[in-house]
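Please find below a short note on the model under review. The points begin with charge and surface, then turn to the fold and an aromatic cluster.

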Amino acid sequence: MAGKQAKILSTQAARDMLLFAETTRHPDRNRVIVLLSLKAGLRAAEIAKLTWDMVETVDGDIGATIELRDAAAKKRHGRRIPIQSDLRRALIVLRRQARCEGPIIRSERGGPMTPLSIVVWFNRIFRATGLDGCSSHSGRRTFITRAARLVHEAGGSLRDVQLLAGHSSIQTTQRYIDGDSDAQRRLVSLI
């Protein structure tokens, strides 16, 4: 990732985004957009291309994983992402009022939102909530950083974070991860 990286979102900033989504004309859809970024680490284009059959079981229920297909993923690196509980609940709510097939995220006119419209939507929410320096990639970078910090508690490794992010290189994943000076001080004190 050459150039300036997207800003990592604090827990409070994430809450602010979800609170703002509740005040919009399409709160259920907008909550799902925020959670797909923060809790699944999806890029704007992946959010736009995500379809119901990628999150449903054969019975039509919301499943336990997102089966992001190659056609919807950057560089055709599809992947399986476990669905976090808040995201699952939001998908269930949205599913009750949505079409039974096709894109999960639809525009006000009912058609699929484009990747650019997702980027513009994120820019509006960041401007409205006063979150300067954030972009549509901030939720993804936050997801990857938080996953990297917590992966040892789950018994995993950075390779697991790489697979969730859909990166072909572990070095790409490492560039996403924001350092924590407090954690560095605690780590050195243990040595």
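1. In this predicted model, the protein chain carries 32 positive and 19 negative charges, and the mean positions of the two sets lie 5 Å apart.

2. The exposed area of the protein chain comes to about 10500 Å², of which carbon and sulfur atoms supply 53%. Of the 191 residues, 40% are buried.

3. The protein chain contains 9 helices and 2 strands. Their order from the N terminus is α-α-α-β-β-α-α-α-α-α-α. With a radius of gyration of 17 Å, close to the 16 Å given by the globule rule for 191 residues, the protein chain is as compact as a globular protein of that length. The C-alpha trace spans about 55 × 40 × 30 Å along its principal axes.

4. Among contacts in the protein chain with a separation of 6 or more, 63% join residues 24 or more positions apart.

5. The structure has 2 aromatic pairs. Tryptophan 121 and phenylalanine 122 form an edge-to-face pair, with 5.2 Å centre to centre and 80 degrees between the planes. Phenylalanine 122 also pairs with phenylalanine 126, here in a stacked arrangement at 6.0 Å centre to centre and 20 degrees between the planes. Ring pairs thus link Trp121, Phe122 and Phe126 into a cluster.

6. Phenylalanine 122 and phenylalanine 126 are 4 residues apart in helix α5 (residues 115–129), so about one helical turn separates them. Tryptophan 121 counts as buried because its relative accessibility is 10%, and phenylalanine 122 does so at 1%. Phenylalanine 126 is buried as well.

Notes. Residues numbered from 1 in each chain as written. Predicted model: local features only at pLDDT ≥ 70, side-chain atom pairs only at ≥ 80, totals over all residues. Heavy atoms only, no water. Rg over C-alpha atoms; globule rule 2.2 N^0.38 Å. Buried < 20%, exposed > 50% of the residue type's maximum accessible area, 1.4 Å probe, protein only. Contact = heavy atoms within 4.5 Å. Areas by Shrake-Rupley, 256 points an atom, 1.4 Å probe, with all protein chains shown as cover. Lys, Arg positive; Asp, Glu negative; His and termini not counted. Charge placed at Lys NZ, Arg CZ, Asp CG, Glu CD. Phe/Tyr/Trp six-rings, centres within 6.5 Å; stacked < 30°, edge-to-face > 60°.
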